[in-house]
Structure formats: structure tokens, C-alpha cells
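Thanks for coming. I have one structure to go through this morning, and I will start with the cysteines.

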Amino acid sequence: MERKAKTSFGARLIVGIVFTFIGIIYLAVGTPLYFFLPDRNSRIFSSVFGGLGIVFLILGIVFLILEIQKKRRCSRLLHDGNYITAEISEISLDYGIRVNRRHPYVVICRYRDMSGTVHMFKSRNLYFNPGPLLQGQTVKIYVDGKDFRHYYMDIDEILPKVIRH
């Protein structure tokens with residue numbers, strides 16, 4: 001069975017979907033108005049309306065492309081990347097995000113390379129407390145060669161399957 005890389009459902013994906021949707025609506029309304037309204041003021045209004053639609057559509061598509069690239073990179077790292085083993089150093093709440101008045105948990109891992117440099121890695125958002133399940137564990141971090149900027153923490157490998165009822 002081929003495993004899939006899991007990524008968070010982030011703000012960039014939501015903004016991309018919303019901006020693309022708004023851009024399509026603005027273009028669908030603004031373009032016909034430009035051709036069917038006879039006076040100059042109406043054409044200026046419909047041009048601005050359609051222009052905003054183009055801007056929203058382009059921004060939305062850019063955000064969606066960035067999210068697709070992130071998902072593909074994580075999948076590529078999971079299947080083709082080299083992994084390092086890092087120790088779990090901290091499990092904390094991410095106060096920068098709040099969903100339904102709850103902050104997600106993140107797992108922070110530490111890896112010391114041969115030169116003595118400490119690298120810190122952060123997991124995707126987890127919406128349950130994984131603390132009791134991860135005491136004293138290590139986790140695989142898939143990296144792209146020696147470049148640690150792009151990584152995928154395979155936190156699902158060590159977490160048991162959790163079903164909320």
C-alpha cells in the first residue's frame with residue numbers, strides 16, 4: 001500500500017479557493033456588462049469589475065499552485081527523499097491558528113548533524129493532544145539531500161490511528 005503525505009488544510013488553500021471563485025464570478029458578470037451596456041460610465045464600471053475579477057482569479061490560481069507544489073514536494077520527499085531520525089523535543093499549541101476556538105498541536109523535533117548544528121522541525125497541525133502517545137519517541141524527517149529547508153515530518157508513522165466519535 002502506497003502511503004500519502006498528509007499536509008495541513010492551511011489558510012493559503014482556503015484563500016486560493018475563495019479568490020478563484022470570486023474572480024470567476026467578477027469576470028462572468030463584468031465581461032457581458034462591458035459589451036451590452038451602451039454608455040461610457042457603465043463600461044468604465046464593468047471594466048473595473050472585470051479587472052478586479054482578473055486580479056482575484058490570478059491571485060487565487062497562484063495560491064492554489066503553491067499549495068499543489070507543496071503537496072507534490074511532500075509526496076516526493078516521502079517516496080524518494082532521504083530521511084533523518086530526529087528526537088521529539090516539544091509538543092505545543094500553535095497559538096497563531098484557531099479553529100472552532102481551539103488551537104492545534106504541533107510536534108517540534110530536534111536533529112543534530114555531524115557538524116554540531118541543531119536543526120528544528122515542525123509537524124503539520126494536529127487537532128488532538130499527541131503528547132501521551134509520543135513520550136520519548138523519534139520520528140523520521142524526509143529531507144531533500146543536504147537542503148533541510150524542504151522537509152516532510154512523517155508523524156503519522158509513529159501515531160496510532162485516532163478516530164474521534
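The sulfur of Cys109 lies 15 Å from the closest cysteine sulfur, the one in Cys74, and that is too far for a bond. Bear in mind that this is a predicted model. The cut-off for a disulfide is a pair of cysteine sulfur atoms within 2.5 Å, so at 15 Å Cys109 and Cys74 do not qualify. A search of the whole structure finds 0 disulfides, and Cys74 is in none.

Are these two cysteines buried or exposed? Cys109 has 0% relative accessibility and counts as buried. Cys74, at 8%, counts as buried too.

Next, the core. Which residues have the most contacts inside the largest nonpolar core? They are Val139, Ile141 and Ile155, in a set of 17 residues. Strands β1 (82-93), β2 (105-112), β4 (138-144) and β5 (147-153) each supply at least two residues of this core. Apart from that core lies another, of 6 residues, including Ala5, Leu77, Leu78 and Tyr142. As general background, nonpolar side chains in soluble globular proteins tend to be buried together.

Back to Val139, which brings in one of the cysteines again. Leaving aside neighbours within four places in sequence, Val139 is in contact with Cys109. Among its other contacts are Ile84, Ala86, Ile88, Met153, Ile155 and Ile158, along with Thr85 and Asp154.

Last, a serine. Ser46 is found in helix α2, residues 40-80. Ser46 is buried, with a relative accessible area of 2%. Not counting residues up to four places away in sequence, Ser46 touches Gly30, Leu33 and Tyr34.

Key:
Residues are numbered from 1 along each chain as its sequence is written. This is a predicted model: local features need pLDDT of at least 70, side-chain atom pairs count only at pLDDT 80 or more; totals for chains, interfaces and linings use all residues. Side-chain values use heavy atoms; hydrogens and water are left out. Helices (H or I, at least four residues) and strands (E, at least two) are DSSP runs, numbered from the N terminus. Buried means under 20% relative accessible area, exposed over 50%, partly exposed in between (1.4 Å probe, protein chains only). Contact means heavy atoms within 4.5 Å. A nonpolar core is a set of buried Ala, Val, Leu, Ile, Met, Phe, Trp, Tyr and Cys residues joined through side-chain atoms within 4.5 Å.
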